[in-house]
Amino acid sequence: MNYDNRLENVTVLGAAGKMGSGILLLTSMEMYDISKKPENKDKHFVLYALDISQKALSGLMKYIQGQLVKQAEKKVNALRKVYADRADLIDNAEIIDQYVKDVMNIIRPITTLESAYESHIVFEAASENPALKIKMFSQINENSIVEPWFFTNTSSIPIGHLNKEAKLDGRILGVHFYNPPAVQKLVEVIKCDESKPELSEFVSKFIKQMRKIEVPSYDFAGFIGNGHFMRDALHGMSLLNELKKEMSFAEAVYSANKISQDFMIRPMGIFQLIDYVGIDVCQFIMKVMNPYVGDEIIHSPLLDSMMEIGVKGGQNHDGSQKDGFIKYEEGLLAAFYDFDKKEYVKIDEVAIKGDEKLGALPNGYLPWKDVVGNPKKMEVFVKYFNEMKTMNTAGAKYALEYLKRSKQIGVKLVEDKVAYTAEDVNTVLLTGFFHAYGPINDFIN
Amino acid sequence: MKLRRKVYMVAGYNTISMGSGRKEFHPKKPRPGLEDYMQEAGQEVLKQIGGAKNVDECVVGNFIAARYNRQGNLAGFFPMIDEGLKYKPAIRTEGACASGALALATGIKSILAETADVVLVIGIEVQNSMKAVYGADVLAAAGWAKERKDGHTHFFPGKFSDRAGKYYEKFGYEKTRLGMATWYKNAVENARLCPTAQEHHNSTEDLLAVGMMKPNGRSFVDNLNVFDCSKVSDGASGIAIMSEEGLKRCGINPKDAVEVIGLGLAENNLTQGPADLTKLDTTKVAVEKALDMAKITKDDIATIELHDCFSIAGIMALEAIGLAEYGKGPDFVAEGNTARNGKIPVNTTGGLVGWGHPTGGTGVHQAVTIWEQLTGRAGESQINIPADRPYGLTINMGGDDKTLVSVVYKKN
């Protein structure tokens, strides 16, 4: 079965979720492109969007429609050629509209698993629950009329475990998109020892077609992305504990966040990133990862405490940020959570003590957005971090420690055979987390 | 042809050219509509001419509000500008991006026909009502509808990209690109001096480097970069056209007005492509007619407002006028001849690339700019008008060198 035939019938599990909806969008566009090839004109392409709630599926279809319009607007040049033989479609508006209708026509929103029995490919983006994933995979695999391939978007569960428990015979591969899949370039690909090579070949082509970047990772819980992020987050939280000795909880959140954003020139601070991913999601990923890492503990009592009082972070359906460690107003950091007082304290208030404690940013500081696209950014960073080393402030000290820890985590991922190479670790952080420099660098020794 | 009666223009006004580039522009926030621009431009002209009572007739030039704003019958807005315009004759003209100058021509004809002594003329377009990718569909109506299907996503940039491509082929890419980049640089530098210009806030340091950017057909069109293109703009311009009697009635000193001494209109076949992609033939004819009527030559002109919907169109227009030899337009620009301190300052407030291009408003905006320059009202944009060259020239083009209006103005 060739690439095109394989894509004739596909199911996305958990399609209405944040990751599932993005994977559905990308897959639908790829299936549409293939369906337009002359040799495929008699084939019928079907993409099942499976989720548990009808309400969520209605929302999903609206989201897909809106996204398809945006995607189509960006590629009208190409679409005018695709519809060149349609004399009735003249304006860009008509062509965009037709494209959206045609892609939507491939998608079938459903709530029952039975439809997936005829799919050659099952993309899974359900919640990060091993038992649930195994149950769905087993059921589809047992009842399928074909021999389906399973691509799981898990960001932490070992693929070999899923393969074994669901008895998939190596017809499984980890294909880990980053959030939001429609925008993020990075896809981590994880094969287990049993994974059949055909699956990797297919996925490489699929990723290439979508103009995304593939980074392979060993089949180790957390893989590269979360392998770094979770440990990085734990360092951020231990920094918070350290800072707390000399300031309030809210001031410490502010300061740790500022160190990991401004001082380190990252796109967001560590607590903003935890909120972005979701405190609940981070807690869950740590729980999944922890049993597999022998020599350290991947667990945060602080995250547990936050969950207990119901502060979860994450995003609303419209993509806006929910409050977590930080309170957001129109996307901006407005206030910081004080666990001891159980209330948010305004940024102006916490900044006074926080900034005083941290001291000034090193000379040569540039915000992340001003430096990330600079072709000579590495020179900027060398100079900047050298300057930082000459400083005696708490901000500089903690930032250098953080930088060192981040590098240590990266190096260990290669040593522990989670990542194949140091370059892969850096690529994941650069493309999946939008860092301006990789953690494995020579800024500090 | 000759003018059988003296015709003047006076009391010009430009609204801001609103759109991307202006600090106050936000695509998702509500903005003024047609009514607001019409009212602003109209009332500001009326203030300068003693009110609506002095107006005999109104003309509004607009390309395609029917699609941008779901609005036709624009002449009906005049009585909204001022109660005093109720029941007065009003006309709307359309000739794509030359709609504004067609409104001027209509006003001039009314003066010549002695059916009016004072005509209020407004040119207007509000284009930011939709994204540019859909606006391209609307603007494509300036070409032949039957060509749209095979045309480019960005229909008109596509047309002028083909022209630029042919020009590169014939005269070389490097020097042509340098001429086009210099065009952009001049346009923005002039716009910075004019508070109503869309590029007024542009703070790019190395404008020439930006203009030199290599075109990318994948993301836009093959032979033009986005800096070669005029802007998507909302705006209106207004001016009054008068006879000598009209000036007296409004109490206006002729020194505050400019005299219209040449008018050249020319039309070409919409269903046919250009005979030669590297030339603007219709533009040439219109300019010759206007200069003939004015009995002056290109060398007598102090300043020009011409239709640079694309930088390459501006360069070809210089060749059509005869200021630059065929194939030497880019050199003429790169040598600085068209800069504000050059031999013949062109588009002194930025032109379509720098000031903006509210399509139906552009023809009137050009007249207002010339009026300001010849009467010393151009503020920071003011250039020197030599005593032996007291003339200004405008060229307003509709479609791909199809509907042309050229006017010669004289300082009083």
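The domain layout and the sheet of chain A are described here for a predicted model.

Chain A splits into two domains. Domain 1 covers residues 3-217, and domain 2 covers residues 224-432. Their C-alpha centres are 32 Å apart. At the boundary, 16 residues of domain 1 of chain A contact 17 residues of domain 2 of chain A. On the domain 1 side, two elements each supply two or more residues: β7 (186-190) and β8 (213-217) of chain A. Strand β8(A) makes the largest contribution to this side, with four residues. By residue class, the domain 1 side comprises seven nonpolar, six polar and three charged residues.

Chain A also contains an open sheet of eight strands. The strand order is β3-β2-β1-β4-β5-β6-β7-β8, with mixed pairing. Strands β3 (107-110) and β8 of chain A form the edges, each pairing on one side only. From one strand to the next, the twist averages 25°. Strand β8(A) thus has two roles: it is an edge strand of the sheet, and it gives the largest share of the domain 1 side that touches domain 2 of chain A.

Within the sheet, β4 (residues 121-124) and β5 (residues 149-152) of chain A pair in the parallel sense. Four bridges join these two strands. In one of the pairings, A:Ile121 has A:Trp149 of β5(A) as its bridge partner. Towards the other edge strand, helix α3 (residues 54-74) of chain A lies across β2 (46-50) and β3 of chain A. Helix α3 runs at about 160° to β3(A).

Note on methods:
Residues are numbered from 1 along each chain as its sequence is written. Chains are lettered from A and ligands numbered from 1 in the order in which they are written. This is a predicted model: local features need pLDDT of at least 70, side-chain atom pairs count only at pLDDT 80 or more; totals for chains, interfaces and linings use all residues. Domain bounds come from an automatic or database domain assignment. Two residues are in contact if their C-beta atoms, placed from the backbone, lie within 7 Å. Ala, Val, Leu, Ile, Met, Phe, Trp, Tyr, Cys and Pro count as nonpolar, Asp, Glu, Lys and Arg as charged, and the others, Gly among them, as polar. Two strands pair if DSSP finds at least two bridges between them. Axes are lines fitted to C-alpha atoms, for helices over the stretch in contact, and angles run from 0 to 180 degrees between N-to-C directions.
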